[in-house]
Amino acid sequence: MAYYGPPPNLWGHSVTNLTVVDKVPPEIMHLVDPHWYQFPPMNPLWHSIIGFAIFMLGMISTVGNGVVIYIFSTEKSLRTPSNLFVVNLAVSDFLMMATNATTMVYNCWFETWSLGLLMCDLYAFTGSLFGCCSIWSMTMIAMDRYNVIVKGLSGKPLTNTGAIVRICVCWTIGIVWGSMPMLGWNRYVPEGNMTACGTDYLTDDWFSKSYILCYSFCVYYIPLFTIIYCYVYIVKAVTVHERTMREQAKRMNIQSLRQGDDGKAAEMKLAKIALVTISLWFLAWTPYTIINYTGVFKMASLTPLATIWGSVFAKCSSVYNPIVYGISHPKYRAALVRRFPALGCGDASGGADAKSMASEVSAVSGGGSAGAGMETTAA
């Protein structure tokens, strides 16, 4: 009789009862949800691809964030209260990849979680801690830019003390939410791919599910809508400011109050910065939210391979954050050219040019908030 079933041998093992959890160490087997027992092991090629991708992301993130920390900490012109948020973002991204990337690469090599119960908790805790801190650091950056550009002279200037207090708030949020699963509100368990650990979103206990809902509200929705609100009003403020300048130039019978620029370029640049910032933030953290919500509300049957993408996309943010918040800063680019010519991403005069442009806008508008904040927004 012809055999139409699966091949009798798969990767050197019998296919009888072969599941994705077969290689999980006995000491953490009790954490694996029964949902995952129905899936065969992931193709080893996926473990190799994901392990290599995380390794490369870790290397790029370590170098990128390390350079941002070094430049912003040693360059006197960059030691401003606002830039403390950028440094804090780089520190949290650096630590997230230093702790999570190496662990995940190690587990991809063994094709399962092989570091025991304690390391599962520590991996998930550090991922949550540094992820929350990065998210709220980006939120603080957006709020600071809103204060400078939209509120202008009516806003309270940010001081070093104020920036440090806000940074402490970021870390407190991360510590509180990261430690809750280890204190009994939800728990950390191996994810479907068995090479990473995260929150238990497949549990039927609504007390545990409530953690994920509250967590997403405080660490996803509030920061997301805050960032969107800030950048929408920043763009509106600059647009109104540029329109006022064009009207003033028209009354003076000159083409523009700026030399060689009618202001539209500044509006478009700021709009692009806002769009890129919001889009990359959404791209990085939405997959994790979707995966968790899918498990909580049973909207679809999650597969082991599907669960890995939330972690990959979130870790990608630590790679492009140094670009969005570091290299986009003209003074940072100028310092980068001086310190590391091989890594230079712009002309060393960029910082001076941007400062001169911002000064012109501010002077013409009589110290207007939008003009005064142009250089800060470029950060």
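Good morning. In what follows, Ala, Val, Leu, Ile, Met, Phe, Trp, Tyr, Cys and Pro count as nonpolar, Asp, Glu, Lys and Arg as charged, and the others, Gly among them, as polar. With those classes in hand, let us turn to the structure, which is a predicted model.

I begin with the empty space inside the protein. Rolling a probe the size of a water molecule over the atoms shows where empty space is left. How many cavities of 30 Å³ or more are there? The count comes to five. The largest cavity has a volume of about 500 Å³, and the second largest has a volume of about 50 Å³.

The lining of the largest cavity consists of 29 residues. Nearest its centre lie Ser128, Tyr215, Trp285, Tyr288 and Asn292. Sorted by class, this lining holds 17 nonpolar, 10 polar and two charged residues. Several elements contribute at least two residues each: the helices α2 (81-110), α3 (116-151), α5 (206-251), α6 (264-297) and α7 (304-327), together with the strand β4 (197-199). Which element gives the most to this lining? That is α3, with seven residues.

The second largest cavity is lined by Asp33, Trp36, Val189, Pro190, Glu191, Gly192, Thr199, Asp200, Tyr201 and Leu202. By class, that lining is made up of five nonpolar, two polar and three charged residues.

Let us stay with α3 for a moment. This helix has 36 residues, and the distance from its first C-alpha to its last is 51 Å. The span expected at 1.5 Å a residue is 52 Å, so the two values are close. Is α3 mostly enclosed or exposed? Of its 36 residues, 26 are buried, so the helix is largely enclosed by the rest of the structure. After α3 comes glycine 152, which has a positive phi, near 60°.

Helix α2 can be examined in the same manner. With 30 residues at 1.5 Å each, α2 should span 44 Å; its end C-alpha atoms are 45 Å apart, which agrees. Just after α2, glutamate 111 also takes a positive phi, of about 65°.

I now come to the cysteines. A disulfide is a covalent bond between the sulfur atoms of two cysteines. The structure holds one disulfide. It is formed by cysteine 120 and cysteine 197, whose sulfur atoms are 2.1 Å apart. The pair joins distant parts of the chain, 77 residues apart, with cysteine 120 in helix α3 and cysteine 197 in strand β4. The angle about the S-S bond is -115°, and the link is left-handed.

Are these two cysteines buried or exposed? Cysteine 120 has a relative accessible area of 0% and cysteine 197 one of 3%; buried means under 20%, so both are buried. Cysteine 218 is in no disulfide, and the nearest cysteine sulfur, that of cysteine 214, is 6.7 Å away. A disulfide requires sulfur atoms within 2.5 Å, so this separation does not qualify. Cysteine 218 is partly exposed, with a relative accessible area of 25%. Cysteine 108, by contrast, is buried at 6%.

Two further residues deserve a remark. Tyrosine 215, named earlier among the residues nearest the centre of the largest cavity, is located in helix α5. Its relative accessible area is 21%, which makes tyrosine 215 partly exposed. Tyrosine 215 and tryptophan 177 are 38 residues apart in sequence, yet their C-alpha atoms are 7.0 Å apart. Lysine 272 belongs to helix α6. Lysine 272 is exposed, with a relative accessible area of 55%. Between the C-alpha atoms of lysine 272 and valine 235 there are 9.7 Å, while 37 residues separate the two along the chain.

Finally, the annotation. An unreviewed UniProt entry gives the label "transmembrane region" to residues 45-72, 84-102, 122-142, 163-185, 210-235 and 273-291. How do two of these spans appear in the model? Residues 163-185 are 74% helix and 0% strand, with end C-alpha atoms 31 Å apart. Residues 273-291 are 100% helix and 0% strand, and their end C-alpha atoms lie 28 Å apart.

Thank you for your attention.

How values were computed:
Residues numbered from 1 in each chain as written. Predicted model: local features only at pLDDT ≥ 70, side-chain atom pairs only at ≥ 80, totals over all residues. Heavy atoms only, no water. 1 Å grid on protein atoms, 1.4 Å probe; cavity = no way out; pocket = protein on both sides within 12 Å on 5 of 7 lines; lining within 4 Å. Points joined across faces, edges and corners; volume = space filled by probe spheres on them. Helix = DSSP H or I, 4+ residues; strand = E, 2+ residues; numbered from the N terminus. UniProt positions renumbered as here; feature names shortened; annotations may be inferred. Buried < 20%, exposed > 50% of the residue type's maximum accessible area, 1.4 Å probe, protein only.
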